[in-house]
Amino acid sequence: MTDPAPPTRARIPRHIAIIMDGNGRWAQKRRRPRLIGHRAGARAVNTCIDFCLERGVRALTLFAFSSENWDRPQDEVGGLMKLFAGALEREVDELDRRGVRVRFIGERSRFAAGIRDRMAQAEARTAHNDRLDLAVAVSYGGRWDIVQAARTLAADVAAGRIEVDAIDEARFGAHVALADLPPPDLFIRTGGELRISNFLLWQLAYTELWFTDLLWPDVDAATLQAALDDYARRERRFGLTGAQVGGNSEMSE
Ligand code: IPE
Ligand code: IPE
Ligand code: MG
């Protein structure tokens, strides 16, 4: 995964990565159990997928459940697992019909066998699609991702398949999640927190960040369009000067 020389002025992002935060607070505001918020959040996922399909965004990565979320109260974790299993059952046909290729990134061994099987089935079922690459990050942590890449490379070195000196950013990056996709152009976090919370640490190196106080279940196409409009106004310099990337020459003197 490399950052190719970018066109200066932004266009439609090729890849959007989203931390879907605020489900619990959305429910609490309504004096309902947190799980009601998670259910409402699942509906917003569909809005978001439709938006990407309509706008021609080719890849969407959604943070649904983090490595750290396993430590939430067991009834919430159990409820989320049920919701996830149900969504896997219900949504796959519709994703397939819409041309979405789905994959899951994260530590799968932590899931029950039944859920692992359904994830594999969903991936196999939609593998032929090419309108939108949807990655769902579940039991995912950016640190875990980097560690598993390091472990793979260490095993290659130990087995004599590669030299230590052959490990560079390109080779390392080929072993983190989503290596086959362009890195995210745009990161969105809902729910008002201004942090990355162990999402894609390697992959977000030059991603444009966008935050909103809106809670995830309240997100609609207008919210996502506001993020795209903001992205379109930004100049991505990748460490170069404004003049080098063809931007405002006054600023780059
Ligand atoms: C995000 O919403 C979904 C998950 C982390 C599973 P939260 O559940 O974190 O909602 P808040 O932040 O408590 O409102
Ligand atoms: C990040 O949200 C993880 C997901 C949205 C899946 P959290 O609610 O877990 O993050 P923190 O605790 O606010 O950092
Ligand atoms: Mg949260």
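This report describes the largest pocket of a predicted model and the two ligands placed in that pocket.

**The pocket**

The volume of the largest pocket is about 1100 Å³. Its lining comprises 45 residues, and those closest to the centre of the pocket are Met 20, Val 45, Phe 63, Ala 64 and Phe 65. Several helices and strands take part in this lining. At least two residues each come from the helices α1 (23–29), α2 (34–55) and α3 (74–97), and likewise from the strands β2 (59–66), β3 (100–105) and β4 (132–140). Helix α3 provides the largest share of the lining, with 10 residues. Sorted by class, the lining holds 25 nonpolar residues, 9 polar residues and 11 charged residues.

**Ligand 1**

Ligand 1 sits in the largest pocket. The residues that surround ligand 1 are Met 20, Asp 21, Gly 22, Asn 23, Gly 24, Arg 25, Arg 34, His 38, Ala 64, Asn 69, Arg 72 and Leu 80. Two helices, α1 and α2, each supply at least two residues of this shell, and α1 gives the largest share, 3 residues. In terms of class, the shell around ligand 1 consists of 3 nonpolar, 5 polar and 4 charged residues.

Oxygen atoms of ligand 1 lie close to polar atoms of the protein. At Arg 72, a polar side-chain atom is 2.7 Å from an oxygen atom of ligand 1. At Arg 34, the distance from an N or O atom of the side chain to a ligand oxygen is 2.9 Å. At Gly 22, the partner is a polar backbone atom, 3.4 Å from an oxygen atom of ligand 1. Taken alone, ligand 1 exposes 380 Å², of which the protein buries 87%.

**Ligand 2**

Ligand 2 also sits in the largest pocket. Around ligand 2 are Ile 19, Met 20, Asp 21, Phe 63, Ala 64, Phe 65, Asn 69, Arg 72, Arg 189, Arg 195 and Ser 197. The largest share of this shell, 3 residues, comes from strand β2. By class, the shell around ligand 2 contains 5 nonpolar, 2 polar and 4 charged residues.

For ligand 2, three side chains place polar atoms by ligand oxygen atoms, namely those of Ser 197, Arg 195 and Arg 189. The respective distances are 2.6 Å for Ser 197, 2.8 Å for Arg 195 and 3.3 Å for Arg 189. On its own, ligand 2 has 390 Å² of accessible area, and the protein covers 79% of that area.

**Polar contacts of the ligands**

The table gathers the contacts described above.

| Ligand | Residue and part | Distance to a ligand oxygen atom |
|---|---|---|
| Ligand 1 | Arg 72, side chain | 2.7 Å |
| Ligand 1 | Arg 34, side chain | 2.9 Å |
| Ligand 1 | Gly 22, backbone | 3.4 Å |
| Ligand 2 | Ser 197, side chain | 2.6 Å |
| Ligand 2 | Arg 195, side chain | 2.8 Å |
| Ligand 2 | Arg 189, side chain | 3.3 Å |

**Residues around both ligands**

Some residues appear in the shells of both ligands, among them Met 20, Asp 21, Ala 64, Asn 69 and Arg 72. Met 20 and Ala 64 are also among the lining residues closest to the centre of the largest pocket.

Terms used
Residues numbered from 1 in each chain as written. Chains lettered and ligands numbered in written order. Predicted model: local features only at pLDDT ≥ 70, side-chain atom pairs only at ≥ 80, totals over all residues. Heavy atoms only, no water. 1 Å grid on protein atoms, 1.4 Å probe; cavity = no way out; pocket = protein on both sides within 12 Å on 5 of 7 lines; lining within 4 Å. Points joined across faces, edges and corners; volume = space filled by probe spheres on them. Helix = DSSP H or I, 4+ residues; strand = E, 2+ residues; numbered from the N terminus. Nonpolar A, V, L, I, M, F, W, Y, C, P; charged D, E, K, R; others polar. Near = heavy atom within 4 Å. Polar contact = N/O pair within 3.5 Å; in protein donor to acceptor, adjacent residues only side chain to side chain. Areas by Shrake-Rupley, 256 points an atom, 1.4 Å probe, with all protein chains shown as cover. Sits in = over half its atoms within 2 Å of the grid points.
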